[in-house]
Amino acid sequence: MTAVDDATPGTDPELVASFETTISHHDRIEPRDWMPEGYRRTLVRQIAQHAHSEIIGMQPEGNWLIRAPSLRRKAILLAKVQDEAGHGLYLYSATETLGVSRKQLTEMLISGAQKYSSIFNYPTPSYADVGTIGWLVDGAAICNQVPLCRTSYGPYGRAMIRICKEESFHQRQGYELLMTMMRGTDEQRAMVQESVDRFWWPSLMMFGPSDADSPNTEQSMQWGIKRHTNDELRQRFVDMTVPQAEALGVTLPDPDLRWNEERQAHDFGEIDWDEFWTVVKGGGPCNAQRVAHRKRAWDDGAWVREAASAFAERNAS
Amino acid sequence: MSQVRAEWPLYEVFVRGKRGLNHVHVGSLHAADDQMALRHARDVYTRRNEGVSIWVVRSSDITASSPDEKDPLFAPSGDKVYRHPTFYDIPDDVPHM
């Protein structure tokens, strides 16, 4: 194991051994256990990024709340966006057990010191995007998240279990929305295809850089934080999604996508990594807008937080 | 913009899944006071009928055992195997034991 690298001079070797034994037995690390600083730092980065993604993820779909075509669709979308907020809160709580405050986390999101998933920097100009996000984006999220239910850090795993139970509703409502549109007019079918064309590649990018360019993966797997590599999960998502696309009657926009009998898996084309890195580094279509919106909500809510604190203080005295 | 006072305190949330079960810890949240903590707990942790009763308690009011004293604290139960029914050999043909 490599955790020893993190052991600062003076760290009790018994603590290190106890940590490594827990990890090697696939037991869980809990908040008050000793852990290497690198393990803690990696978790803070990963869980916070995940939490921020849920919070920012409310925006692309929130865009359609007041324009949903029926009361039924509006109620479903409201419930889904509320879930995203809830998921963000579960994950912020898990991050806080590692000694970071909620306020610091919000500030790191707004300042850009911490990232969120690049997928939420794409716009949602079409109502079909609500369905496509549920199907592809939440589908990709599920692929990523199911193995994280067994992650080595207890609070993170428990948050993921709650989240995964709810994500299934997200994916199914999206797919059902798209099925409904595909049974509609030619124009509606074209809307679905156009939306899938825009979201397919960004969905594949959600799994992160290819394994060759993912320097943190090996260490994260040794620590039991991650259970599979980015490319393994991406392949699993492609294999799951192809038959769903066929059932839906849409084409996935990749001329190289085909079944490989020998590998018993789908081959698919190369991701545009320049686009991926551009969006990660802040140059995507909506990066500035998403963060500005979050900052505005935080600033505009300041008086509410203050008023609630003042009320609580007065009642306590 | 005026300075926001200190952060809202942290609360731990416990939910009784249904009648007859214990309250179980489900997570934590921030709230300005106890009543708000209860409302937030409802919204965050029981959106799908996960509970029939909620407890919230300030995290700072919880006293916890330290992981460092794990062995000494729990040792007294570790060496008292005679507290377990399996400690006693009873012939297989004795019924209802």
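In what order do the elements of chain B run from the N terminus on? They run β-β-α-β-α, as laid out in this predicted model.

**View 1. Chain B has two helices and three strands.** Buried residues make up 23% of the 97 residues in this chain. Of the contacts in chain B with a separation of 6 or more, 43% join residues 24 or more positions apart. Chain B exposes about 7400 Å², and 54% of that comes from carbon and sulfur atoms.

**View 2. A nonpolar patch lies on the surface of chain B.** Val81(B), Tyr82(B), Phe87(B), Tyr88(B), Ile90(B), Val94(B) and Met97(B) form the patch and together have about 720 Å² of accessible area. One of these residues, Val94(B), is found in the segment after helix H2 (70-78) of chain B. With a relative accessible area of 35%, Val94(B) is partly exposed.

**View 3. Chain B and chain A meet in a contact that takes 26 residues from each of them.** The size of an interface is often given as the accessible area lost when the parts come together. Between chain B and chain A the buried area is about 2200 Å², with 50% given by carbon and sulfur atoms. Four salt bridges are counted between the two chains. Arg47(B) and Glu166(A) form a salt bridge, their closest N and O atoms being 2.9 Å apart.

**View 4. Trp135(A) sits in the largest nonpolar core, which has 88 residues.** Along with Tyr39(A) and Tyr153(A), Trp135(A) is among the residues with the most contacts inside this core. Helix H7 (residues 154-182) of chain A supplies the largest share of the core, ten residues. Leaving aside neighbours within four places in sequence, the contacts of Trp135(A) include Gln171(A), Tyr175(A), Leu178(A), Val196(A), Thr241(A) and Leu252(A). In soluble globular proteins, nonpolar side chains tend to be buried together.

**View 5. Lys80(A) and Asp138(A) form a salt bridge, with the closest N and O atoms 2.9 Å apart.** Lys80(A) lies in helix H4 (residues 71-96) and Asp138(A) in helix H6 (residues 128-145) of chain A, so the pair ties together parts that are 58 residues apart in sequence. Lys80(A) and Asp138(A) are both buried. A network of salt bridges links these two residues with Glu61(A) and Glu84(A).

**View 6. Two salt bridges of chain A are found within helices, one in H2 and one in H8.** Glu37(A) and Arg40(A) meet through their side chains at 3.3 Å, N to O. These two are three residues apart in helix H2 (residues 37-56), so about one helical turn separates them. Glu37(A) is partly exposed at 37% relative accessibility, and Arg40(A) is partly exposed at 25%. In the pair of Arg198(A) and Glu194(A), the closest N and O atoms are 2.7 Å apart. Arg198(A) and Glu194(A) are four residues apart in helix H8 (residues 186-205), so they too are separated by about one helical turn. Over all chains, a search of the whole structure finds 20 salt bridges.

**View 7. Gln264(A) and His96(B) have positive phi values.** Most residues other than glycine have a negative phi. Phi of Gln264(A) is near 55 degrees; this residue lies in the loop between strand E1 (258-260) and strand E2 (265-267) of chain A and is partly exposed, with a relative accessible area of 48%. Phi of His96(B) is also near 55 degrees. His96(B) lies in the segment after H2 of chain B and is exposed, with a relative accessible area of 83%.

How values were computed: Residues numbered from 1 in each chain as written. Chains lettered and ligands numbered in written order. Predicted model: local features only at pLDDT ≥ 70, side-chain atom pairs only at ≥ 80, totals over all residues. Heavy atoms only, no water. Patch = residues over 30% accessible without salt bridge, like charges linked within 9 Å, V, L, I, M, F, W, Y side chains within 5 Å. Areas by Shrake-Rupley, 256 points an atom, 1.4 Å probe, with all protein chains shown as cover. Buried < 20%, exposed > 50% of the residue type's maximum accessible area, 1.4 Å probe, protein only. Core = buried A, V, L, I, M, F, W, Y, C linked by side-chain atoms within 4.5 Å. Contact = heavy atoms within 4.5 Å. Buried area = accessible area lost by both parts, 1.4 Å probe.
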